[in-house]
Amino acid sequence: TVTIEAKRTLEYSKLEALKLGVSHIGSEEMLLALTREWSGVGAQVLENLGADREAIRGAIKPPQGEVSD
C-alpha cells in the first residue's frame with residue numbers, strides 16, 4: 001500500500017523534473033521533493049542532517065545543454 005505522503009512525494013518529484021527540464025524522475029527529483037514538505041520521515045531525516053533546500057537545489061546540475069533559471 002502506498003501512503004498519501006509517498007504519493008505526494010511522487011507528485012512533487014514530477015513537478016521538480018519539469019522544473020529541471022527532464023522527462024524522468026530520478027534521485028535528484030526525489031530528493032528535492034522530500035524537501036518540499038518537512039513533515040515526512042524522509043524530510044525529517046534530511047533536516048536532522050542539516051539539509052537545506054536551496055543548497056540541495058544549487059548542488060543539482062541541470063542536464064547538459066540546458067540552463068537553469
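Trainee: Why is Leu10 called partly exposed?

Mentor: Leu10 has a relative accessibility of 44%. Buried means under 20% relative accessible area, exposed over 50%, and partly exposed in between (1.4 Å probe, protein chains only), so Leu10 counts as partly exposed. Please note that this is a predicted model, in which local features need pLDDT of at least 70, side-chain atom pairs count only at pLDDT 80 or more, and totals for chains, interfaces and linings use all residues. Residues are numbered from 1 along each chain as its sequence is written, and side-chain values use heavy atoms, with hydrogens and water left out.

Trainee: Where does Leu10 lie, and which residues does it contact?

Mentor: Leu10 belongs to helix α1, residues 4–20; helices (H or I, at least four residues) and strands (E, at least two) are DSSP runs, numbered from the N terminus. Neighbours within four places in sequence aside, Leu10 is in contact (heavy atoms within 4.5 Å) with Ile25 and Met30. Leu10 and Ile25 are 15 residues apart in sequence, while their C-alpha atoms are 8.4 Å apart.

Trainee: How many helices and strands does the protein have?

Mentor: The protein has four helices and zero strands, in the order α-α-α-α along the sequence. Of its 69 residues, 25% count as buried.

Trainee: How do you know that the side chains of Arg36 and Glu16 meet in a salt bridge?

Mentor: The N to O distance is 3.3 Å, and a salt bridge requires a side-chain nitrogen of Lys or Arg within 4 Å of a carboxyl oxygen of Asp or Glu. Arg36 lies in the loop between α2 and α3 and Glu16 in helix α1, so this pair ties together parts that are 20 residues apart in sequence.

Trainee: What makes Glu16 buried, and Arg36 partly exposed?

Mentor: Glu16 has 0% relative accessibility and therefore counts as buried, whereas Arg36, with a relative accessible area of 31%, is partly exposed.

Trainee: Which other side chains meet Glu16 in a salt bridge?

Mentor: Arg53 meets Glu16 at 3.1 Å, N to O. Arg53 is in helix α4 (residues 53–59), so that pair ties together parts that are 37 residues apart in sequence. Arg57 meets Glu16 at 2.7 Å, N to O. Arg57 also lies in helix α4, so its pairing with Glu16 in α1 ties together parts that are 41 residues apart in sequence. Through shared partners, Glu16, Arg36, Arg53 and Arg57 are joined into one network.

Trainee: Why does Glu29 have no salt bridge?

Mentor: The nearest side chain of opposite charge to buried Glu29 is Arg57, 8.8 Å away; because a salt bridge is defined by a shorter limit, already given, the pair does not qualify. Lys and Arg count as positive and Asp and Glu as negative, while His and the chain ends are not counted. Glu29 is in helix α2, residues 27–34.

Trainee: What makes the largest nonpolar core?

Mentor: Its six residues are Ala17, Leu20, Val22, Leu32, Ile56 and Ile60. A nonpolar core is a set of buried Ala, Val, Leu, Ile, Met, Phe, Trp, Tyr and Cys residues joined through side-chain atoms within 4.5 Å. Beyond four places in sequence, Ile56 touches Leu31, Leu32, Thr35 and Ala51.
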